[in-house]
Amino acid sequence: QVQLVESGGGLVQPGGSLRLSCAASGIISIDAMGWYRQALGKQRELVAAITSGGRTNYADSVKGRFTISRDNAKNTVYLQMNSLKPEDTAVYYCNADKLLARTGHYFNAYWGQGTQVTVSS
């Protein structure tokens with residue numbers, strides 16, 4: 001069974017930092033992994049993504065503040081979030097593209113359950 005298990009969310013003050021983790025299990029391979037977020041009443045948006053080769057892509061709103069990284073051996077992707085702002089408040093979702101599961105199933109996209117990040121004083 002494929003699982004994307006996210007952790008690291010929580011409540012932080014403006015200017016603070018959080019580190020999100022997403023560990024994939026039950027898989028053979030994944031192409032790109034990324035983080036999306038959805039604020040209340042808004043559409044889900046890409047925050048950052050990283051390919052299996054390490055190429056990264058960031059939303060303009062987080063460039064210079066967030067860093068995505070990946071440990072292919074552990075099938076884990078991380079999102080280091082610094083200088084957090086209230087507008088970063090959202091549910092953050094882990095995404096895996098082109099996922100091949102140990103069961104032999106192939107998924108174009110697979111999502112985690114989400115983790116809440118709240119930036120507030």
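**Exercise 1. Decide what the radius of gyration of the protein chain says about its overall form.**

Solution. With 121 residues, a compact globule would have a radius of gyration near 14 Å, and because the protein chain has 14 Å, the value agrees with that expectation. The radius is taken over C-alpha atoms, and the globule rule is 2.2 Å times the number of residues to the power 0.38. As a next step, note that the C-alpha trace spans about 45 × 25 × 20 Å along its principal axes.

Before going on, bear in mind that this is a predicted model, in which local features need pLDDT of at least 70, side-chain atom pairs count only at pLDDT 80 or more, and totals for chains, interfaces and linings use all residues. Residues are numbered from 1 along each chain as its sequence is written, and side-chain values use heavy atoms, with hydrogens and water left out.

**Exercise 2. Describe the place and surroundings of Gln80.**

Solution. Begin with the secondary structure: the protein chain has 0 helices and 12 strands, where helices (H or I, at least four residues) and strands (E, at least two) are DSSP runs numbered from the N terminus. Gln80 is found in strand E9, which covers residues 76-81.

Next, consider exposure: Gln80 is partly exposed because its relative accessible area is 27%, whereas buried means under 20% and exposed over 50% (1.4 Å probe, protein chains only).

Finally, look at the neighbours: leaving aside those within four places in sequence, Gln80 is in contact with residues including Leu18, Arg65 and Phe66, contact meaning heavy atoms within 4.5 Å.
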